[in-house]
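Reader: Here is the chain I want to discuss. Please take me through one helix and its surroundings.

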Amino acid sequence: MRAARLHSFGEAPVLDDIDIPARKAGQTLVRIDAAALGHLDMTVASGTFDIKPPLPHIGGTDGAATVVESDTFAAGTRVLVRGGGIGLTKNGCWAEYLVAADRAFTPFDSDLPPEVAATFFLPSTTGYVAVHDIAEVRAGERVIVSGASGAVGSMAAQFALLAGAAEVIGVVPRQDQVELLPDGVRPVVGRGSALAEQLGDEPVAEVLIDTLGGDMLPPLLGRVVPGGRAALIGYTLGTELALDLPNWLLSDVKILPVNMIRKGARQAELAPDLIGKLAAGEVRLAVQQFPLDRIADALQLMREGKVAGRAVVVP
């Protein structure tokens, strides 16, 4: 089978021909129909993360697949792939076939195409958890979502609107990303001091949901009303945050981490309802497909912020 394997940390994965893995008791063999590309995958591949899998390593924490052989699932069953260390400490979904523990597979009965099924889980559950569980957005509140043109940001913006937000401000670094914002979101374009200028000097929202980090974050924190909340999800524009502690304490803005690695049970609980919302068109997830042999190109486009929505490879 073909598999995109990481041979050295910090370098692009290489497409290799390897044997189809053998299944043991308690495991299921699946054919991967589509595999997501995520920023967690890139963080693992960087070698700077505390999770370092043995090399060579097949990345990909999320996928949609069809059961080939199992003692638990009937052959032909469509399943979501996630958990059990897949793509983190164990080989993942960037391959034509995968063997993993039965608990890593969740059957789903839906008309969702594989590329959406493979990619919806993380952005939709993350967006939902950030809006409802962490930031606790209430009807009538104003919400800033940074990176609202991306997969997670777009879902967070849509869930904030569904929660009854009076206004959702979608902050993006570049003008060409405005057209990717969900309907009903007010665009603001800029970074750093230019972003601060666009937003003005006064607080403009009760809630910030940040998916980008970097130089976007300080001016956005300064535009949250005293006593407001900031849910921090991502760090694609930078991994560090410096706070002027006296002024931050004065602002009384809560800074809340969104760590989805610790929320597996909550994600599984939310999945059926979110699948239903996607299938019904209540929320939408943009997906850009790449063949498996273009995975290095896809990852580079993700680093440059040039992927429309969620990137997926289709073996």
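Reader: Which residue follows H3, and what is the sign of its phi?

Author: The model is predicted, so local features need pLDDT of at least 70, side-chain atom pairs count only at pLDDT 80 or more, and totals for chains, interfaces and linings use all residues. Residues are numbered from 1 along each chain as its sequence is written, and side-chain values use heavy atoms, with hydrogens and water left out. Helices (H or I, at least four residues) and strands (E, at least two) are DSSP runs, numbered from the N terminus. After H3 comes Gly164, with a phi near 95°, which is positive.

Reader: How far apart are the end C-alpha atoms of H3?

Author: Expected span is 1.5 Å times one less than the number of residues. For the 12 residues of H3 (residues 151-162), that gives 16 Å. The end C-alpha atoms agree with this, at 17 Å apart.

Reader: Why is H3 called largely enclosed?

Author: Buried means under 20% relative accessible area, exposed over 50%, partly exposed in between (1.4 Å probe, protein chains only). Among the buried residues of H3 are Met155, Gln158 and Phe159. H3 is largely enclosed by the rest of the structure because its buried residues number 9 of the 12.

Reader: Which element gives the largest share of the largest nonpolar core?

Author: A nonpolar core is a set of buried Ala, Val, Leu, Ile, Met, Phe, Trp, Tyr and Cys residues joined through side-chain atoms within 4.5 Å. The largest has 47 residues. H2, E9, H3, E10, E12 and H7 each give two or more. The largest share, 11 residues, comes from H2.
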